[in-house]
Amino acid sequence: MQDGDLSRDQTLNLILSTISPLRVAAMEILIYHMETFDEADSNVTVQDLAGAAKVVEQGWRTLQNMVGEQLAPHDVQLPEELARQKDEVMASVDELHRMLSRCTITKEEVRGFRPADNMYDLCCVRVSRGVSKLCSKLGDFFLELTDKDRSNVDDHTSAIATEIGKIGRVINMVATNASIEAARVGDAGKGFSVIADEVKTLSSRVSSLSVSLSDNQVVG
């Protein structure tokens, strides 16, 4: 399934599921650097580093394309503060991504690994913690969107129920006037009286529909 085929909720979930693994990947890269620097026994293997690099690549692409390609088609715009936070995290992930792109990772070894000046700040603080905070804020924002949509649907349903109720009252008033007029003209108005009865029945059904819509809104 292509991104364009996803619903808005699926798109939002995809964004979170793609960027949240950056937290662990950044820490694996940091541990690999520390163990290499200290020549200690390796807890992060070359395969682990390759996997972390792949996660960084995917997360980097998601952050780059989030606004224009994933959120915009669903008419979702990030609040200013959240957009700023996303840009800060994206800049840090971009730095990590460029660092990894300059090295070669094979099944047996890593060549050309040149760490940043302050790997702890980059991997732990700016990427891992930054992504954690961003995911939390994005999750809250996505929940707000869902709640807002539900509220809009309820408001729309309430408006429909109100309008239907108004129509029912107008129909009933017309039917009542028609019945009075039919009674006034006597036998000549019998056919008119039958129509008036049918209109009253329609009015009753319309009013019942209005009440049903209102009740369903309360239950929902």
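Which residue's side chain meets that of Arg 126 in a salt bridge? I put this to the model, which is a predicted one, and found that the partner is Asp 121, with an N to O distance of 3.5 Å.

**Entry: charged pairs**

I then looked up how far each partner of this pair is open to the outside: Arg 126 has a relative accessible area of 30% and is therefore partly exposed, and Asp 121, at 26%, is likewise classed as partly exposed. In addition, I noted a network in which Glu 81, Arg 84 and Glu 88 are joined by salt bridges that share partners. For the structure, the count of salt bridges comes to 8.

Among these I looked up Glu 57 and Arg 61, whose closest N and O atoms are 2.6 Å apart. Both residues belong to helix H3, where they are separated by 4 residues, or about one turn of the helix. I recorded a relative accessibility of 24% for Glu 57, so this residue counts as partly exposed, and 47% for Arg 61, which also places that residue in the partly exposed class.

A further pair that I wrote down is Glu 109 with Arg 111, whose side chains meet in a salt bridge at 2.7 Å, N to O. Glu 109 is partly exposed because its relative accessible area is 37%, and Arg 111 is put in the partly exposed class by its value of 41%.

**Entry: the nonpolar core**

Which residues have the most contacts inside the largest nonpolar core? I found that this core has 44 residues, and that Ile 29, Leu 63, Leu 96, Phe 113 and Leu 138 are the ones with the most contacts inside it. The elements that give two or more residues to the core are H1, helix H2 (22-38), helix H3 (46-71), helix H4 (80-101) and helix H5 (119-185). The largest share, 12 residues, comes from H5.

I followed Leu 96 in more detail and, leaving aside its neighbours within four places in sequence, I listed its contacts as Ala 26, Ile 29, Val 56, Leu 122, Cys 123 and Val 127. Ile 29 thus appears in the contact list of Leu 96 and is also named among the residues with the most contacts inside the core.

**Entry: cysteines**

Cys 123 led me to the cysteines, and I asked how many disulfides the structure holds. The number is 0. For Cys 123 the closest cysteine sulfur is that of Cys 124, yet the two sulfurs are 8.5 Å apart, which is too far for a bond. I also checked the burial of Cys 123, which has a relative accessibility of 0% and therefore counts as buried. Cys 103 counts as buried too, because its relative accessibility is 9%.

**Entry: Thr 18**

Is Thr 18 buried or exposed? Its relative accessibility is 17%, so I entered Thr 18 as buried; the cut-off behind this entry is that buried means under 20%. Thr 18 lies in helix H1, which covers residues 8-19.

I next looked for a polar partner of its side chain, and found that a polar atom of the Thr 18 side chain lies 2.7 Å from the backbone oxygen of Leu 14. Leaving aside neighbours within four places in sequence, I noted that Thr 18 is in contact with Gln 58, Gly 59 and Thr 62.

Note on methods: Residues are numbered from 1 along each chain as its sequence is written. This is a predicted model: local features need pLDDT of at least 70, side-chain atom pairs count only at pLDDT 80 or more; totals for chains, interfaces and linings use all residues. Side-chain values use heavy atoms; hydrogens and water are left out. Buried means under 20% relative accessible area, exposed over 50%, partly exposed in between (1.4 Å probe, protein chains only). A polar contact is a pair of N or O atoms within 3.5 Å; within protein, one must be able to donate a hydrogen and the other to accept it, and residues adjacent in sequence count only if both atoms are side-chain atoms. Contact means heavy atoms within 4.5 Å. A disulfide is a pair of cysteine sulfur atoms within 2.5 Å. A nonpolar core is a set of buried Ala, Val, Leu, Ile, Met, Phe, Trp, Tyr and Cys residues joined through side-chain atoms within 4.5 Å. A salt bridge is a side-chain nitrogen of Lys or Arg within 4 Å of a carboxyl oxygen of Asp or Glu.
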